[in-house]
Amino acid sequence: MTIRPTRVILVALSLSLAACGKTPAPAEQSSDAPATRVQATGKQAEDPANVPADVLAAAKAARPQLQVTAVEHEQRDGNDYYDVAGLLDGAELELDITRVDGKWTVVEVQRDIIAEQVPAPVAAVLASANPTFKANRIIESDQGNGIVIYEFFGPGENDPDTKIEVKAEGSKAEVLTSEWVH
């Protein structure tokens, strides 16, 4: 799914940091190990009529009112994934579906958000670890188990297409040093 990029002003992130105080950096944040990336084949658009019925049933079970507009398929680390995109209450949403214990299961629900929607602990840890980073897109990725991964995209020091992920669980947040894999 191609979700329209949202112009984001991260002044709110800096203000959140100032309002909340500095969050201590977690141990993982200081790791010198290089970040790893998920091995993926690349997404291919699929005609919803050709998608396994169990995949669409999993999407409808998770979000019954979802109006499916697009489906993409890829392999990540050797596993089949379907990204089922659509509209729910007028907002774009994407469900990532893969097999868990042999059953097609929604493992992630994604939506684009703006800086003002980023929780204060997430904004604080991002600003603390990357004070000059300015995201031009933010994706909230609900893992369905109390963990939410916030994906921040924008130009970085050495890469014009930098992605920084912050894991939020309850009131705790930490910058990830490896790409999140569900």
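Start by selecting β3, residues 79-88: seven of the ten residues in this strand are buried, so to speak of a mostly covered strand is fair. Keep in mind as you click around that this is a predicted model.

**Zoom out for a moment**

Colour the protein chain by secondary structure and you should find three helices and nine strands. Walking from the N terminus, the elements come in the order α-β-α-β-β-β-β-α-β-β-β-β. Of the 182 residues in the protein chain, 41% are buried. Looking at contacts between residues at least 6 apart in sequence, 52% connect residues at least 24 apart.

Now show the strands alone. The nine of them make an open sheet ordered β1-β2-β3-β4-β5-β6-β7-β8-β9, with antiparallel pairing. At the edges are β1 (44-46) and β9 (172-175), each of which pairs on one side only. Step from one strand to the next and the twist averages 25°.

**Around β3**

Go to the start of the sheet. β1 and β2 (residues 67-76) run antiparallel and are joined by three bridges. Select E46 and you will see V71 of β2 opposite.

Next, follow β2 into β3. Nine bridges join these two antiparallel strands, and H73 is opposite Y82 of β3. The two strands form a hairpin with two residues between them, and in the turn D77 has a positive phi of about 50°. While you are here, pick R76: this residue lies over the face of Y81, 4.1 Å from the ring centre.

On the other side, β3 is joined to β4 by eight bridges, again antiparallel. G86 has L93 in β4 as its bridge partner. This hairpin also has two residues between its strands, and D89 in the turn shows a positive phi of about 55°.

**The aromatic pair**

Which two rings make up the one aromatic pair in the structure? Select Y82 and W104: the ring centres are 5.4 Å apart and the planes meet at 75°, so the pair counts as edge-to-face. The angle settles the label because planes over 60 degrees apart fall in that class. The pair links distant parts of the chain, with Y82 in β3 and W104 in β5 (residues 103-113), 22 residues apart. Are these two residues buried or exposed? Both Y82 and W104 are buried.

**Across to β6**

Slide along the sheet to β6 (residues 137-142), where five of the six residues are buried. β5 and β6 pair in the antiparallel sense over five bridges, and the bridge partner of Q110 in β6 is S141. Keep S141 selected and look towards β7: there I149 is opposite S141. Six bridges hold the antiparallel pairing of β6 and β7. Their hairpin has four residues between the strands, and G144 takes a positive phi near 80°.

**Helices on the sheet**

Turn on the helices again. Helix α2 (residues 53-62) lies across β2, β3, β4 (91-100) and β5, running at about 55° to β5. Helix α3 (residues 120-129) packs on the sheet too, touching β7 (147-154), β8 (162-169) and β9. The direction of α3 makes about 30° with that of β9.

**Into the cores**

In soluble globular proteins, nonpolar side chains tend to be buried together. For the largest nonpolar core here, with 18 residues, show V118, V122, I138, Y150, F152, I164 and V166 as sticks; these have the most contacts inside the core. α3, β7, β8 and β9 each supply at least two residues of this core. Which element gives the largest share? That is α3, with four residues.

Apart from the largest core lies another, of 14 residues, including V51, V55, Y82 and L93. You have already visited two of these: Y82 as part of the aromatic pair, and L93 as the bridge partner of G86. That makes Y82 a good residue to leave selected as you finish the tour.

Technical notes. Residues are numbered from 1 along each chain as its sequence is written. This is a predicted model: local features need pLDDT of at least 70, side-chain atom pairs count only at pLDDT 80 or more; totals for chains, interfaces and linings use all residues. Side-chain values use heavy atoms; hydrogens and water are left out. Rings of Phe, Tyr and Trp (its six-membered ring) pair if their centres lie within 6.5 Å; planes under 30 degrees apart count as stacked, over 60 as edge-to-face and the rest as tilted. Buried means under 20% relative accessible area, exposed over 50%, partly exposed in between (1.4 Å probe, protein chains only). A charge sits over a ring if NZ of Lys or CZ of Arg is within 6 Å of the ring centre and within 35 degrees of the ring normal. Two strands pair if DSSP finds at least two bridges between them. Axes are lines fitted to C-alpha atoms, for helices over the stretch in contact, and angles run from 0 to 180 degrees between N-to-C directions. Contact means heavy atoms within 4.5 Å. A nonpolar core is a set of buried Ala, Val, Leu, Ile, Met, Phe, Trp, Tyr and Cys residues joined through side-chain atoms within 4.5 Å.
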